[in-house]
Amino acid sequence: MLKDFEIINNVIKGLESIYTEEVKKLKKIIPTKYPCCFMHVGSTAAHSITARPIIDIAIGVINPLDLITIKDILVLNHYNFLDYRSNINDLLLEKKSEGNSSFFIHVLAFNGKKWKEMYDFTEYLRTNTKAAKEYSAFKSDLLITKKVSPEEYERLKAEYIKKLLDNLK
């Protein structure tokens, strides 16, 4: 079970440069006629948290009509589209890395509801060390103590994030 959910402890400094390198690659393959913004989101973007070696990158697409086109460009460049985890507001792709990390790429509307939620959640973790440690402990408990399935882990994590965001409003 833990093979699928390897946990790394505070190797966040190195992950920032891996994020930057991946964004450079993404900028090369997405034509400039499809303007978009990039944001490092999730646990690996918060510098005081334990995280799995998965770097979440949000691609905020300026024109929502380009979401599918950008997803298709990424698929042609060896990113795997995770249709079972995607919806109209968040097209999720995955790229396995040769190293110790991999990437989840979220293609979504820039400044849309999901973009703002990702930004708010990440900034909250970055600026609130106590909340970041609680979130980290919650995820570790799911994976190590309770040994939940990957599907259950994602569901419970999404519920936790939704509740936290609702409390911030």
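Modeller: Two strands count as paired when DSSP finds at least two bridges between them, and in this predicted model there is an open sheet of five strands in the order β1-β2-β5-β4-β3, with mixed pairing.

Colleague: What makes β1 and β2 a pair, and in which sense do they run?

Modeller: Six bridges join β1 to β2, and since at least two are required, the two strands qualify as paired, with an antiparallel arrangement. Among the residues involved is C36, whose bridge partner in β2 is V61.

Colleague: And what makes β2 and β5 a pair?

Modeller: The requirement is again at least two bridges, and β2 and β5 share eight of them in the parallel sense, so they too count as paired. D56, for instance, stands opposite F104 in β5.

Colleague: Why are β1 and β3 called edge strands?

Modeller: Each of β1 (36-41) and β3 (80-81) has a single partner strand, so one side of each is left without a neighbour in the sheet. Helix α3, residues 113-127, packs on the sheet, where it touches β1, β2 and β5, and its direction makes about 35° with that of β1.

Colleague: What makes you describe β2 as largely enclosed by the rest of the structure?

Modeller: A residue is buried when its relative accessible area is under 20%, and eight of the eight residues of β2 meet that condition, so the strand is largely enclosed. In a regular strand the side chains alternate between the two faces of the sheet. Here both faces of β2 are covered, with I54, D56, A58 and G60 buried on one side and I55, I57, I59 and V61 buried on the other.

Colleague: Which residues are the most connected members of the largest nonpolar core, and which elements supply it?

Modeller: That core has 21 residues, of which L26, F38, I57, I59, L74, I105 and V107 touch the most other members. Two or more residues come from each of α1 (12-29), β2 (54-61), α2 (67-76), β4 (91-96) and β5 (102-109). To take I105 as an example, and leaving aside its neighbours within four places in sequence, this residue is in contact with L26, I57, I59, L74, Y79, L91, L92 and L93. Apart from the largest core lies another one, of nine residues, including I49, I161, L164 and L165.

Colleague: How do you know on which side or sides of α2 the buried residues lie?

Modeller: The buried residues in α2 are L67, I70, K71, I73 and L74. They cover an arc of only 160° around the axis, which puts them on the same side of the helix. After α2 comes H78, with a positive phi near 75°.

Colleague: How many disulfides are there, and why is C36 not bonded to C37?

Modeller: A disulfide needs two cysteine sulfur atoms within 2.5 Å, whereas the sulfur of C36 is 7.0 Å from the closest cysteine sulfur, in C37, and is therefore too far for a bond. Looked at from C37, the closest cysteine sulfur is that of C36, again at 7.0 Å, and the count of disulfides comes to zero.

Colleague: Are these two cysteines buried or partly exposed?

Modeller: With the partly exposed range running from 20% to 50%, C36 at 21% and C37 at 27% both fall in that class, so each is called partly exposed.

Colleague: What makes N111 and K147 worth a remark as regards phi?

Modeller: Most residues other than glycine have a negative phi. N111, which is not a glycine, has a positive phi of about 65°, and K147, also not a glycine, has a positive phi of about 50°. N111 is found in the loop between β5 and α3, while K147 sits in the loop between α4 (129-145) and α5 (150-168).

Colleague: Why is K147 called exposed, and N111 partly exposed?

Modeller: The exposed class begins over 50%, so K147 at 51% relative accessibility belongs to it, whereas N111 at 42% stays in the partly exposed class.

Colleague: What does the chain look like as a whole, and how many of its elements are helices?

Modeller: The protein chain has five helices and five strands, running α-β-β-α-β-β-β-α-α-α from the N terminus on. Buried residues make up 45% of its 169 residues, and among contacts between residues at least 6 apart in sequence, 61% join residues at least 24 apart.

Notes
Residues numbered from 1 in each chain as written. Predicted model: local features only at pLDDT ≥ 70, side-chain atom pairs only at ≥ 80, totals over all residues. Heavy atoms only, no water. Core = buried A, V, L, I, M, F, W, Y, C linked by side-chain atoms within 4.5 Å. Buried < 20%, exposed > 50% of the residue type's maximum accessible area, 1.4 Å probe, protein only. Helix = DSSP H or I, 4+ residues; strand = E, 2+ residues; numbered from the N terminus. Contact = heavy atoms within 4.5 Å. Axes fitted to C-alpha atoms, helices over the stretch in contact; angles between N-to-C directions. Arc of directions from axis to C-beta.
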